[in-house]
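This report describes a protein chain from its overall dimensions down to the pairing of individual strands. Please keep the sequence and the structure in view while reading.

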Amino acid sequence: MGEPAGRTPDAPGPGPSPWVLGVDSGGSGLRVAVAPADDPVARPPASRTCDEPVRTGPAGIDAEHLLSQLLPVAEELRREAGLHGFAAVCVGAAGMASLGEDLRARLPAPLATAFGVRHLALAADAVTAYAGALGQRPGAVVAAGTGMIALGTDLTAEGGWRRADGWGHLLGDCGGGAWIGRAGLEAAMRAYDGRPGGSAALLARAEAVFGPVSGLPGALYPRPDRPAVLASFAPEVARCAAEDDAVARGIMHAAAGHIADAAAAVCPPGDQAAVGCTGGLFGLGEPLLAPLRGALAERLPHARPAAAAGSPLDGALAIAAALAAGRLTLPVEGRLLQITRPAPG
């Protein structure tokens, strides 16, 4: 395996633009794309999707399982583009910061052997979400889907990355899809019991989706995909909020407050900071977006709201392109973003 690098590699010499490979691994599967380094956000880049999420085991994210999906798909994309290989690769993965030891140890050599990769970035999915949303400018990005994490930077070595939440559905991810879904189901159970704080509308939706709620604990607790199941109820909470259910509205307002709190915790000071939101959660629409706009304006009056320019997969391509050109300015720090120069195995 190549040695970790603390700075951006030197820019390549003259010649045709190299191509780069971007990878986004998350709870819904693996997405892979290739693009020329001088136009990494070409619309649309050549891409493939593997619907099976990469497994996690005792050693963390399973590198062999990821490689078994990534290598054949990347080879197919390489052949279709008529390439010899890739100058740089960025792999963004959910859990990379805390569960990425196996990936860091085992990915570099196979990628160097198969594709001649000279520069490899291993990034937390929050970092690729940041790069996709804001590129390489100071600010804060909230990435929210099933979970929720906020990441911010002023792009200085001293400031590095600032992270808030992203601690999983048992310890955090406050305001994310699983959090909203769990709060909605709790309100349904309260209504079922006749306790205060219940919602008859949410109870009706819970029974329409899951069947009799008395059987929900037994059906939900043993499932390994429990966060995703909880998050699947978030659209129902948003729908009830849009239909003026007071409890559902309260849940959406509380979620917006949690998201804004996380953004405020990581956003650098000054009026040049941009704040972006990215991820499937924001597809819930105005029941979430309206209170979120107010919460962000209250907590971050100096920051500039910014529409997300692209997805985490776009961010992985952008990081790989910056590596290939020697222009990476995002903080290379700790386990959030590591750069290696792979050697063939």
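## Charge and surface

The protein carries 27 positive and 33 negative side chains, and the centres of these two sets lie 1 Å apart. The model is a predicted one, and its accessible surface comes to about 14,700 Å², with 56% of that area belonging to carbon and sulfur atoms.

## Overall dimensions and packing

For 345 residues, a compact globule would be expected to have a radius of gyration near 20 Å, and the value of 21 Å found for the protein agrees with this. Taken along the principal axes, the box filled by the C-alpha atoms is roughly 70 × 45 × 35 Å.

Buried residues make up 50% of the 345 residues. Among contacts with a separation of 6 or more, 70% are accounted for by residues that are 24 or more positions apart in the protein. The secondary structure comprises 13 helices and 14 strands.

## The open five-stranded sheet

An open sheet of 5 strands runs in the order β11-β10-β9-β12-β13, and its pairing is mixed. Strands β11 (161-165) and β13 (304-305) stand at the edges with a single partner strand each, so one side of each is left without a neighbour in the sheet.

At the β11 edge, the pairing with strand β10 (residues 148-153) is antiparallel and extends over 5 bridges. Within this pairing, leucine 151 stands opposite arginine 163 of β11.

## Strand β8 and its partners

Is strand β8, which spans residues 119-124, mostly covered or mostly open? The strand is mostly covered, since 6 of its 6 residues are buried. In a regular strand the side chains alternate between the two faces of the sheet. In β8 both faces are covered, with His119, Ala121 and Ala123 buried on one side and Leu120, Leu122 and Ala124 buried on the other.

Strand β7 (residues 88-93) pairs with β8 in the parallel sense over 6 bridges, whereas strand β14 (residues 337-340) pairs with β8 in the antiparallel sense over 4 bridges. Leucine 122 takes part in both pairings: this residue of β8 is the bridge partner of valine 91, and leucine 122 also stands opposite glutamine 338 in β14. Leu122 is itself among the buried residues of β8, on the side that includes Leu120 and Ala124.

Definitions and conventions
Residues are numbered from 1 along each chain as its sequence is written. This is a predicted model: local features need pLDDT of at least 70, side-chain atom pairs count only at pLDDT 80 or more; totals for chains, interfaces and linings use all residues. Side-chain values use heavy atoms; hydrogens and water are left out. Helices (H or I, at least four residues) and strands (E, at least two) are DSSP runs, numbered from the N terminus. The radius of gyration is taken over C-alpha atoms; the globule rule is 2.2 Å times the number of residues to the power 0.38. Buried means under 20% relative accessible area, exposed over 50%, partly exposed in between (1.4 Å probe, protein chains only). Contact means heavy atoms within 4.5 Å. Accessible areas come from the Shrake-Rupley method with a 1.4 Å probe; for residues, only the protein chains shown count as cover. Lys and Arg count as positive and Asp and Glu as negative; His and the chain ends are not counted. The place of a charge is taken as NZ of Lys, CZ of Arg, CG of Asp or CD of Glu. Two strands pair if DSSP finds at least two bridges between them.
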